[in-house]
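Got the viewer open? Here is a walk through one structure, with something to select at each stop.

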Amino acid sequence: MRMTRLLATGLALALLVPALAQAQEGRRFTDSWFWGVKATNMTYWTTNIRHGQAQGLGGEWLLTKTRAALLLSGEWYSFGDVYDLDDTEMSTLRGEPVAMRSMSRLSATLLAFPKNLGGLRPYAGIGFAYNRIDASIPSGSRISKGEVDDAAMIISPTLMAGLQAQYRRFSVFGQGTFQASQANEFLLNGN
């Protein structure tokens, strides 16, 4: 009985998928939603590294209204094995190396689309991002894993600007995001 209900529910949901996809087909930008994937590059600073580069992958969901939208986004960046924090302002971490391997980022941004320029839509927005760095310390370190974990995550305000071009069945976009963080609260400094 339980298996029959589960199969019936799954079948009903499978029948809804084409209807949901058809509801989005051929729609204009206003009152629509868009899924997207992206390749990313992040420029970062630490106490010893200036203009470091980390490549990443991400996904986005854009929910639009007439001149505004909500952008929900997630990214993953790879640092490799970056060792840093030799002269940090964080007194508990001073002089101790920390290995940063990767960073996960989840963000929500409110966007404004002020004017449509032919097939191009410039936009700007403000939001926040949750950042979490996968960091570790070498054996024999004087600092604890808890101290590193505290410095490896932060919620920061963000500013975004970009340009979108919409075609029949897909859109192409380019955007830049600025994220602020205080140097003594996060493994990546305030730059």
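Select Trp 35 and turn on its surface: with a relative accessibility of 60%, over the 50% cut-off, this residue counts as exposed. Keep in mind as you go that this is a predicted model.

Now add Trp 61 to the selection. Trp 61 is partly exposed, at 29% relative accessible area. What kind of aromatic pair do Trp 35 and Trp 61 form? A stacked one: the centres are 4.9 Å apart, and the angle between the planes is 0 degrees. Colour by strand and you'll see Trp 35 in β1 and Trp 61 in β2 (residues 52-64), so the pair ties together parts that lie 26 residues apart in sequence. Bring in Trp 33 as well, since Trp 33, Trp 35 and Trp 61 make up one aromatic cluster.

The structure has four aromatic pairs, and another one worth a stop is Tyr 44 with Phe 79. Here the ring centres are 5.0 Å apart and the planes sit at 80 degrees, so this pair is edge-to-face. Tyr 44 belongs to strand β1 and Phe 79 to strand β3, and 35 residues separate them along the chain. Are these two buried or exposed? Tyr 44 is buried, with 5% relative accessible area, and Phe 79 is buried too, with 9%.

Stay on Phe 79, because it leads to the next selection: the largest nonpolar core, with 18 residues. Phe 79 is among the residues with the most contacts inside this core, along with Met 42, Met 103, Ile 133, Leu 187 and Leu 188. Which elements give two or more residues to this core? Show β1 (33-44), β3 (68-84), β4 (98-112), β5 (120-136) and α2 (145-151). The biggest contributor is β4, with three residues.

Click on Ile 133 for a view from inside. Beyond the residues up to four places away in sequence, Ile 133 touches Phe 79, Met 100, Ser 102, Met 103, Ala 152, Phe 186, Leu 187 and Leu 188. There is also a second, separate core of nine residues, including Leu 62, Ala 69, Tyr 123 and Met 160.

Hold on to Tyr 123 and select Gln 175, which is in strand β7 (residues 171-179). Gln 175 counts as partly exposed, at 27% relative accessibility. Draw two distances from its side chain. One polar contact runs to the side chain of Tyr 123, at 2.6 Å; another goes to the side chain of Glu 60, at 2.9 Å. Apart from neighbours within four places in sequence, the contacts of Gln 175 are Lys 38, Glu 60, Leu 71, Tyr 123, Met 160, Ala 161 and Gly 162. For one more distance, pick the C-alpha atoms of Gln 175 and Thr 40: they are 9.9 Å apart, although the residues are 135 positions apart along the chain.

Finally, zoom out and switch to cartoon. You should find two helices and seven strands, in the order α-β-β-β-β-β-α-β-β along the sequence. Of the 191 residues, 36% count as buried. Among contacts with a separation of 6 or more, 60% join residues 24 or more positions apart. Put the surface back on to finish: the protein exposes about 11700 Å², and carbon and sulfur atoms supply 61% of that area.

Methods: Residues are numbered from 1 along each chain as its sequence is written. This is a predicted model: local features need pLDDT of at least 70, side-chain atom pairs count only at pLDDT 80 or more; totals for chains, interfaces and linings use all residues. Side-chain values use heavy atoms; hydrogens and water are left out. Helices (H or I, at least four residues) and strands (E, at least two) are DSSP runs, numbered from the N terminus. Buried means under 20% relative accessible area, exposed over 50%, partly exposed in between (1.4 Å probe, protein chains only). Contact means heavy atoms within 4.5 Å. A polar contact is a pair of N or O atoms within 3.5 Å; within protein, one must be able to donate a hydrogen and the other to accept it, and residues adjacent in sequence count only if both atoms are side-chain atoms. A nonpolar core is a set of buried Ala, Val, Leu, Ile, Met, Phe, Trp, Tyr and Cys residues joined through side-chain atoms within 4.5 Å. Accessible areas come from the Shrake-Rupley method with a 1.4 Å probe; for residues, only the protein chains shown count as cover. Rings of Phe, Tyr and Trp (its six-membered ring) pair if their centres lie within 6.5 Å; planes under 30 degrees apart count as stacked, over 60 as edge-to-face and the rest as tilted.
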